[in-house]
Amino acid sequence: KPPLGALEKFATDVPGDDVDQGSCFVGSKPPLGALARFATDVPGDDVDQGSAPKRPRVEKGNAESQPEIITLDDDKPKPDVNKKSQSDIITLDDDDDDDDDNDNDNKSKSVPDTKDVTADAKEVAKTFVLMIPPRTNSMTEQDSVNIIRANFPGNQMSLKFNGSKEEGGWTCELWVNPTAGSKQKPLFCIASCFKPTQREGKQQASANAVATLKKFCTYIEPNPTWFKEGRTPDFIEKRIPCKKNPRSYLIMTKKDTGHITPQVAEMLLTNFQKSSNEDMFFIDTEYNEKEKIQLMNSSQKFKLGFRHFGSKKQLKDHHVCIYKEKPAAEVVEEARKWGGKHPKFLVTLKKP
């Protein structure tokens, strides 16, 4: 159990002025699948600029009831996928045989579309806000496929391929429906390209789509003053508590929590959800790797996001942040109130 008085950290009536970074708000959840690649020797691409870990397959209807579990041993087999039909409609998850060694392929630059998608893109832009999310290592997501996945989950997006190897390649079109939870098939084509393989088509279409949406849509990116591209921001480095009333973040140490067990983690997260705080930081040297993994696993039960950051490569040397999700539209509304600026995100506003 945590020491007596530990829950006082969740009080919101703390007087005084906030530090510059402290009044910030939470952002988007990391892309789905980010939980699958934690190990005692966290891979370099989880800390460097590489492609984000890939999303494991989950049977339809079981996504909510079967949360991913972070473990110290990563022995999940890779899916075996072989799609070679001449005309097919698939989702971005249907050919996840990409290797992390091919990170450069995942960062394709946009090229001219093989057909004009302007009208459809403008239609999407009327109601859609593009979120460029932070990765779980607190770096800005660079992989266009992961960005599209994060913004158009499930049946809100599909890829359509036409062609064959004999014809020299495949025409790939990316179709979306920006309506959250819609059961309709994707209605708008926002990218079209021709590539020798379906995999290259998927990468190129995603890159084109991100570039097109940024041209017409309001979009949000992580603010480097808060996320520091995976490094430690000054207010955490210097252990500066939030003095805003109500507070927006907490800095936790062992003095506040005691040893992190599953029961303690759930108690902390329950009280965090009820508080005004948006972020809860667990200091790197105060908690071992097992405790950090326990916090991140427990955060899924409460539908909270998590990220980690620090100057070293391994998770055991990182700070951990558990945070509340805030919809992109809410971040945009806050930015409008503050003259287009937001303390935690860079918001590029487009005129309606």
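**Disulfides.** I looked for disulfides first and found 0 in the structure. The model is a predicted one, and I read each entry below with that in mind. I then checked Cys189, which is in no disulfide. The nearest cysteine sulfur to that of Cys189 belongs to Cys172 and is 9.0 Å away. A disulfide needs the two sulfur atoms within 2.5 Å, so I did not count this pair. I noted for reference that a disulfide is a covalent bond between the sulfur atoms of two cysteines.

Is Cys189 buried or exposed? I found a relative accessible area of 2%, so Cys189 is buried. I looked up Cys217 as well, and Cys217 counts as buried at 0% relative accessibility.

**Aromatic pairs.** How many aromatic pairs does a search of the whole structure find? The search gives 10. I picked one of them, Tyr249 with Phe281, for a closer look. A pair of aromatic rings is described by the distance of the centres and the angle of the planes. For Tyr249 and Phe281 I read 6.1 Å between the ring centres and 80° between the planes, so I entered the pair as edge-to-face.

Where do the two residues lie? Tyr249 is in strand 7, residues 249-252, and Phe281 is in strand 8, residues 279-282. The pair therefore ties together parts that are 32 residues apart in sequence. Both places are away from solvent by the accessibility values: Tyr249 is buried at a relative accessible area of 1%, and Phe281 is buried at 0%.

I followed the ring pairs further. They link Tyr249 and Phe281 into a cluster with Trp226, Phe235 and Phe309.

**Charges over rings.** I wrote down two cases. Lys160 lies over the face of Trp175, with 4.8 Å to the ring centre. Lys324 has its charged end over the ring of Phe272, at 5.0 Å from the centre of that ring.

**Helix 2 and helix 3.** I took helix 2 as residues 144-151 and helix 3 as residues 198-216. Their axes come within 8 Å and cross at roughly 65°. Which hand does the crossing of helix 2 and helix 3 have? I recorded it as left-handed. On the helix 2 side, I listed Ser144, Val145, Ile147 and Ile148 as the residues that meet helix 3. The helix 3 residues they meet are Lys202, Gln203, Ser206, Ala207, Ala209 and Val210.

**Positive phi.** Most residues other than glycine have a negative phi, and most peptide bonds are trans. I noted two residues with a positive value. Glu229 has a phi near 50° and is not a glycine. I placed Glu229 in the loop between helix 4 (224-227) and helix 5 (234-237). Its relative accessible area is 26%, so I marked Glu229 as partly exposed.

Arg239 is not a glycine either, and its phi is positive at about 55°. Arg239 is in the loop that runs between helix 5 and strand 7. I marked Arg239 as partly exposed too, with a relative accessible area of 36%.

**Whole chain.** I ended with the totals. The protein chain has 9 helices and 11 strands. It has 352 residues, of which 51% count as buried. What share of contacts between residues at least 6 apart in sequence join residues at least 24 apart? For the protein chain I entered 75%.

Notes:
Residues are numbered from 1 along each chain as its sequence is written. This is a predicted model: local features need pLDDT of at least 70, side-chain atom pairs count only at pLDDT 80 or more; totals for chains, interfaces and linings use all residues. Side-chain values use heavy atoms; hydrogens and water are left out. Buried means under 20% relative accessible area, exposed over 50%, partly exposed in between (1.4 Å probe, protein chains only). Rings of Phe, Tyr and Trp (its six-membered ring) pair if their centres lie within 6.5 Å; planes under 30 degrees apart count as stacked, over 60 as edge-to-face and the rest as tilted. Helices (H or I, at least four residues) and strands (E, at least two) are DSSP runs, numbered from the N terminus. A charge sits over a ring if NZ of Lys or CZ of Arg is within 6 Å of the ring centre and within 35 degrees of the ring normal. Axes are lines fitted to C-alpha atoms, for helices over the stretch in contact, and angles run from 0 to 180 degrees between N-to-C directions. A crossing is left-handed if the near helix is turned anticlockwise from the far one by less than a right angle, and right-handed if clockwise. Contact means heavy atoms within 4.5 Å.
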